[in-house]
Structures are given as C-alpha cells and as structure tokens.
Amino acid sequence: MAKPGRGAPPSLPYACPVTPAELSRTVLRAVRRAVDEEALRAPVPTRVRVERTRPGGSGDYACAVALQLAGAAARPAREVAEILRDRVAGAPGIGRVEVTGPGFLNFTLDASADARMREALVHEVLARGARYGHGDALAGDILQLSHAREVRAAVTAHALRTIARTQGALVRTGCDGSPDPDWARLGVDIEATGEAAASPTVVRPLPAGAAASELLERLGPDAVRWGLLRPAGHDRAPLGDELLVQSAGNPLFLVRYAHSRARALTRGAALLGFGSSYDEDVDAPALLRALADYPEALAAAARHRAPDRLARHLEDVAHAFFDFQDSASPLPVGDEKPSAAHRSRLAVAEAAGTVLAGGLSLLGISAPEHL
C-alpha cells in the first residue's frame, strides 16, 4: 500500500563480526594492543564510539578515538590514527581503513560482510523486541529531574526518565509544586519532590500554554504527548487539530500508521500461509540504515535530554518503511507465489514495526495494531 497521502546491545549468537558494537570492540582491542606494544602511551578508554559516516564522509563507519587520545599520548591525532589503522586493518569483515581529516578512522566493510551485517541487524531487532536499542551509555549515572508545575515540563521529564533508564541511568523525577491530577491521564507520575537532590537537572521546555485538562479534552492523550514531545524544548509546541488529521502530513499519524501497516503485513502473510525469515539479502538501504541507527538515536535522546530526537527518528523509520513497501512488497502480487524474497522482506517490515512500537512506547504513546 502506498504511503497515505502520496501513493549497545549485547552480542547475539548469530551476530557477524562487523556489527557496530563489534567494530567498536575491534578498535578498542587495537588501542590496547598499541598501548601494550608501547607504540602509544595513553590510558585505554572504557569504550570507543563508532558511528555511521555522515553525508560526504568516507566509508561506512567512522571513529574519532584518535582525537580523544592525542592529548594524553602527546602526539598529533593523525599519527595516533595511523598507529591504530595498522592494527585494525585486516580484521574480519573490514575491507579498508582510512585516516581522514585531523585524525578520523574511516572503515569500509567488504560486500559479503555488509550483507551479513544486514542479516544480523534484522535478527537482532526481532530477537530483542522492545528492548532493541537499550544499552549502557548512561550506566552508573544518577539523575534527578526537576520540573515546574506545567504540563509540557511534566510530560518531558517523564519521557526523559523512561528514555534515560533504557541506557542504564538511575532516574527520579520531582515537581516544584503539587502535581496536577490530570497528569495521571497522560501517564505522568512523580516519584520524588523537587528537593530530593541537591543539584537536580531542571527540565525547562517552553510552556504548552494550556492546562492538561483542556489539551486532553481536545486531543486525547496520545496526540497531546506527541505534540508536547516532538518539538525541541526551545520551540513552541503546536497543539492544534492538525495532530488529529489522518494523513502523511501529520507525523504522529504517519508513525502509527506505519506500525499498523507492518502488523497488517504479518497478518496478510499468515493468511497466505507463510511467515518471516531473513533468507536472502534485502535491498532496503534507507530502512535498514534507519533501523541500525535507532540505538544511537535513543542514546542521543538520553544524553542530550531531548525526547524530540527519538520522535524525529521514528518519523525517519516510518518514511523509509513506506518507501520500502512501495518499491518491494513483502506480500506476493498477482499470481506470485510466496518466496524467500517475500519472507525476507516481511522480516524487514516486522523489524520496522518492532522499532516503531518500541519507540512510541518510550514516548508514552500507544501503537495500535489497527488504525
């Protein structure tokens, strides 16, 4: 069906050697080896961050660890990067390692490894379900979030508490005044008073300009939460009837409809007598990239105290899902018989639905099976 209106998780047994998490561990091992061999004198970091290469960059992944180590090593970052490059090159699944700019390591995967990574990604999403993307980026952090007696601040603090906990943080929320009873209808609960911590993080988005009761009466809880969380905290929250429009122009509808379509594909396949199984490589680069980037989007939302980052990423997943569905149907068309291609596409669609449902849940928004 066409788009409406327009036609660090733990390693799993099946994981290939070049998932982003394993690539991070490969770089970390190279740092330890360089230090052990006294080619580099610097403290070994506890973790190394590997990211998708940004537009215009080189390779599939990039890492800035050399810039991080340069000061302690008393060497130029490019020189540190070259030391690490020599110890990473030739690792399984890595086709090429380049040093670019002031000292970035850029990794290009070999073609067969890239296909295995896509397979591992889909398996991982489906195996971890709602916990896909949960990690330890904030492990050991203790956060006390304090907010004013205002509905947008309360909803934002509640969402941040949920998101930060997915990254291992210990979080409590507190209100500067007595909570509004109507917040409970938005899923907001308060666990502590504002003075529970000496230096709490204060959540200060622009006010909604209306009380919870008035917003709930006009829009209902799902639209209210999306309307309050989707804009960045420094932007005004649009809370008009556009949140209720059932078209692709309404991002909330787009995301929830993409989820319901993914579930409908599973039901349709069952009626045709087949299920999902990633048996052959699927050409869906935008969607698979959006799924692979979801853990980092979730971690970034936690680190920057910005639930809007998660909401925007769900929009990216939804757009990519509809484009994928339009170009390669997971269900047979016409006289086609179900094939390995259909089973594999269905697995990708189900992975997209899993990510959309998980992300909406973290924002406190329902993900209906039928919409």
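Start by selecting Arg305, which sits in the loop between helix 9 (285-303) and helix 10 (307-327). Is Arg305 buried, exposed or partly exposed? Its relative accessibility is 30%, so Arg305 counts as partly exposed, the buried class stopping under 20% and the exposed class beginning over 50%. Now check the backbone: phi of Arg305 is positive, near 55 degrees, in a residue other than glycine. Keep in mind as you click around that this is a predicted model.

**Glu38**

Next, select Glu38. Here too you'll find a positive phi in a residue that is not a glycine, this time about 60 degrees. Glu38 belongs to the loop between helix 1 (20-36) and strand 1. With 55% relative accessibility, Glu38 counts as exposed.

**Zoom out**

Show the whole chain as a cartoon. You should be able to pick out 11 helices and 8 strands. Along the principal axes, the C-alpha atoms fill a box of roughly 70 × 65 × 35 Å. How does the radius of gyration sit with that of a compact globule? For 371 residues, a compact globule would come out near 21 Å, and the chain has 23 Å, which agrees. Turn on the surface if you like: the accessible area is about 16,400 Å², with 51% of it belonging to carbon and sulfur atoms. As for what is hidden, buried residues make up 51% of the 371 residues.

**The four-stranded sheet**

Now select 50-52, 61-63, 94-100 and 104-109, which are strand 1, strand 2, strand 3 and strand 4. They form an open sheet in the order 1-2-4-3, with antiparallel pairing. Which strands stand at the edges? Strand 1 and strand 3 do; each has a single partner strand, so one side of each is left without a neighbour in the sheet. Look along the sheet and you'll see that neighbouring strands are turned by 30 degrees against each other on average, direction ignored.

Walk across the sheet in its own order:

- Strand 1 to strand 2: 3 bridges join this antiparallel pair. Label Arg52 and its bridge partner in strand 2, Tyr61.
- Strand 2 to strand 4: again antiparallel, with 3 bridges. Ala62 has Asn106 in strand 4 as its bridge partner.
- Strand 4 to strand 3: 6 bridges join these antiparallel strands. Glu98 has Asn106 as its bridge partner in strand 4.

So keep Asn106 highlighted for a moment, because it is the bridge partner of both Ala62 and Glu98. If you show side chains on the sheet, a general rule is handy: in a regular strand they alternate between the two faces.

How enclosed is strand 4? Of its 6 residues, 5 are buried, so strand 4 is largely enclosed by the rest of the structure. Strand 3 and strand 4 also form a hairpin with 3 residues between them, and Gly101 in that turn has a positive phi of about 55 degrees.

**Thr53**

Step into the loop between strand 1 and strand 2 and select Thr53. At 13% relative accessibility, Thr53 counts as buried. What does Thr53 contact, leaving aside neighbours within four places in sequence? The list is Ser58, Gly59, Asp60, Tyr61, Ala62, Asn106 and Arg289. Try a distance next: the C-alpha atoms of Thr53 and Phe107 are separated by 8.8 Å, with their positions 54 residues apart along the chain.

**Helix 6 and helix 7**

Move to helix 6, residues 212-219, and colour its buried residues: Ala212, Leu215, Leu216 and Leu219. Why do they end up on the same side of helix 6? They cover an arc of only 100 degrees around the axis, which puts them there. The general background is that an α-helix has 3.6 residues a turn, so residues three or four places apart point the same way. The cover over the buried residues of helix 6 includes helix 5 (151-166) and helix 7 (221-229). Between the helices, click Gly220, which follows helix 6 and has a positive phi near 85 degrees.

Last stop: Arg225, in helix 7. At 1% relative accessibility, Arg225 counts as buried. Beyond residues up to four places away in sequence, Arg225 touches Val155, His158, Ala159, Leu186, Gly187, Val188, Leu363, Gly364 and Ile365. Finally, draw a line back to Glu38: the C-alpha atoms of Arg225 and Glu38 are separated by 54 Å, and the two are 187 residues apart along the chain.

Notes
Residues numbered from 1 in each chain as written. Predicted model: local features only at pLDDT ≥ 70, side-chain atom pairs only at ≥ 80, totals over all residues. Heavy atoms only, no water. Pairing = 2+ DSSP bridges. Helix = DSSP H or I, 4+ residues; strand = E, 2+ residues; numbered from the N terminus. Axes fitted to C-alpha atoms, helices over the stretch in contact; angles between N-to-C directions. Buried < 20%, exposed > 50% of the residue type's maximum accessible area, 1.4 Å probe, protein only. Arc of directions from axis to C-beta. Contact = heavy atoms within 4.5 Å. Rg over C-alpha atoms; globule rule 2.2 N^0.38 Å. Areas by Shrake-Rupley, 256 points an atom, 1.4 Å probe, with all protein chains shown as cover.
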